[in-house]
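Dear colleague,

I am passing on the structure we spoke of. Below it are my notes on the sheet and on two residues.

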Amino acid sequence: MMSIGIAQNKKVHEFFLFFLFNAKNEKKESLLMNILIIGAGGFIGSHLSEELLKRHTAWEITAIDISNAKISHLLCNPNFHFLKLDILKDSLEDYIEASNVVFPLAAIASPSIYVRDPLRVFELDFEANLKIVKLAVKHKTRIIFPSTSEVYGMSQDAEFEEDYSNCVTGPICKQRWIYSCSKQMLDRVIYAYGIRDNLNYTLFRPFNWIGPRLDDICNKNNGSSRVVTQFLSNILHGDDIKVVGGGDQIRCFTYISDGIDALIKIIENDASSKRIINIGNPNNKCSIKELAEKMLALAKEYEKTKFNAERIKIVEIDSNDYYGKSYQDILVRVPSIQKAKGILDWHPKVGMEESLKKIMDFYFI
Ligand code: UGA
């Protein structure tokens with residue numbers, strides 16, 4: 001099958017859709033799959049595509065994104081069909097109709113953008129994704145949707161539980177919460193479609209997934225990426241590591257291969273239907289200060305970063321100075337993963353040190 005830039009050529013595009021529709025019908029009989037990954041060129045999308053192609057060699061993956069930089073190594077696979085489309089401008093209806101399962105993974109997920117450009121977050125994460133949800137309802141396509149750990153906000157629970165924990169966000173002037181609220185609203189809409197229209201959905205909630213291809217570490221600006229890649233960037237450029245508000249805030253970091261393992265179990269397992277499932281690693285519970293210390297120590301073992309790692313310091317910075325006044329933080333974020341264990345027979349395997357080493361091997365070797 002052909003791959004790149006199909007949408008640009010109308011005839012080829014029509015032929016591709018004809019192929020997908022046929023495949024969908026055939027596969028309904030034989031339990032094979034057409035998977036549509038919107039945002040396949042991102043962090044989660046690229047790893048999901050890669051692993052699906054390895055494990056399910058008969059499945060067809062239609063990958064939509066505005067860039068294929070992170071998936072260029074997959075383009076020659078005959079079961080991988082990349083379409084350069086922009087979800088803010090192009091219609092995806094035909095592809096959603098032709099697929100058995102859709103993963104809408106295109107979203108902005110960096111807190112610095114929530115505070116700097118909240119309406120861009122709303123337009124992409126909420127408005128554009130709402131259209132996809134409605135098309136999944138219309139065409140009865142199964143939707144596996146990325147909710148987020150941020151939906152729980154500043155919940156005081158020691159562990160966040162999908163069906164019990166409250167979702168606690170701050171005042172409107174704290175614009176950080178626009179991402180949490182956009183995702184929460186979509187969670188509620190999807191849940192309601194499940195009840196009213198029998199939408200076949202799973203909402204998964206990633207808790208600080210980390211791994212190769214997370215964010216671009218060449219960008220030197222503070223807040224240009226999520227914490228692990230931000231610290232890598234600081235180390236690479238010889239800049240001090242800044243721990244916001246002193247660094248006592250807690251996150252549980254989940255290595256990407258564990259996250260992808262859970263997503264593939266969700267596809268394979270009908271019991272995940274109409275469920276909300278946390279996907280996180282409570283064993284990798286770590287304060288941001290501890291994270292900085294661990295990363296700095298490890299960076300001393302790499303030729304590329306040894307010199308800088310011996311010299312840079314960990315410094316404290318006020319959140320107003322780092323993100324601006326409309327930021328508010330989550331102080332302790334720990335998932336309960338009882339549901340994932342029970343429904344999916346899944347548990348995370350990759351520890352904190354090993355995760356950081358794998359990431360540093362990717363970025364620094
Ligand atoms: C993240 C993002 O919102 C999403 O990627 C995602 O949905 C969700 O949480 C998740 O992955 O579970 P957060 O964990 O706050 O939110 O994002 P990071 O940017 O990775 O920051 C983690 C912590 O490190 C925050 O407390 C932040 O203030 C701190 N930080 C960040 C620093 O101390 N220094 C830095 O240079 C950068």
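Two strands are taken as paired if DSSP finds at least two bridges between them. On that basis, seven strands of this predicted model form an open sheet with parallel pairing, in the order 3-2-1-4-5-6-11. The edges are held by strand 3 (80-84) and strand 11 (275-279); each has a single partner strand, so one side of each lacks a neighbour in the sheet. On average, neighbouring strands are turned by 20 degrees against each other, direction ignored.

At the strand 11 end, the pairing with strand 6 (residues 201-206) is parallel and runs over five bridges. Arg 205 stands opposite Asn 278 of strand 11.

Helix 2 (residues 43-55) lies across strand 1 (34-38), strand 2 (60-65), strand 3 and strand 4 (101-104). Its angle to strand 1 is about 160 degrees.

Is Arg 333, in the loop between helix 11 (319-322) and helix 12 (338-344), buried or exposed? Arg 333 counts as buried, because its relative accessibility is 4% and the cut-off for buried is under 20%. Its side chain makes a polar contact of 3.3 Å with that of Ser 149. Beyond neighbours within four places in sequence, the residues in contact with Arg 333 include Glu 150, Phe 160, Arg 176, Phe 207 and Cys 252.

Glu 310 belongs to helix 10 (residues 303-311). With a relative accessible area of 48%, Glu 310 is partly exposed. Its C-alpha atom is separated by 31 Å from that of Phe 207, which is 103 residues away along the chain.

Regards

Methods: Residues numbered from 1 in each chain as written. Predicted model: local features only at pLDDT ≥ 70, side-chain atom pairs only at ≥ 80, totals over all residues. Heavy atoms only, no water. Helix = DSSP H or I, 4+ residues; strand = E, 2+ residues; numbered from the N terminus. Buried < 20%, exposed > 50% of the residue type's maximum accessible area, 1.4 Å probe, protein only. Axes fitted to C-alpha atoms, helices over the stretch in contact; angles between N-to-C directions. Contact = heavy atoms within 4.5 Å. Polar contact = N/O pair within 3.5 Å; in protein donor to acceptor, adjacent residues only side chain to side chain.
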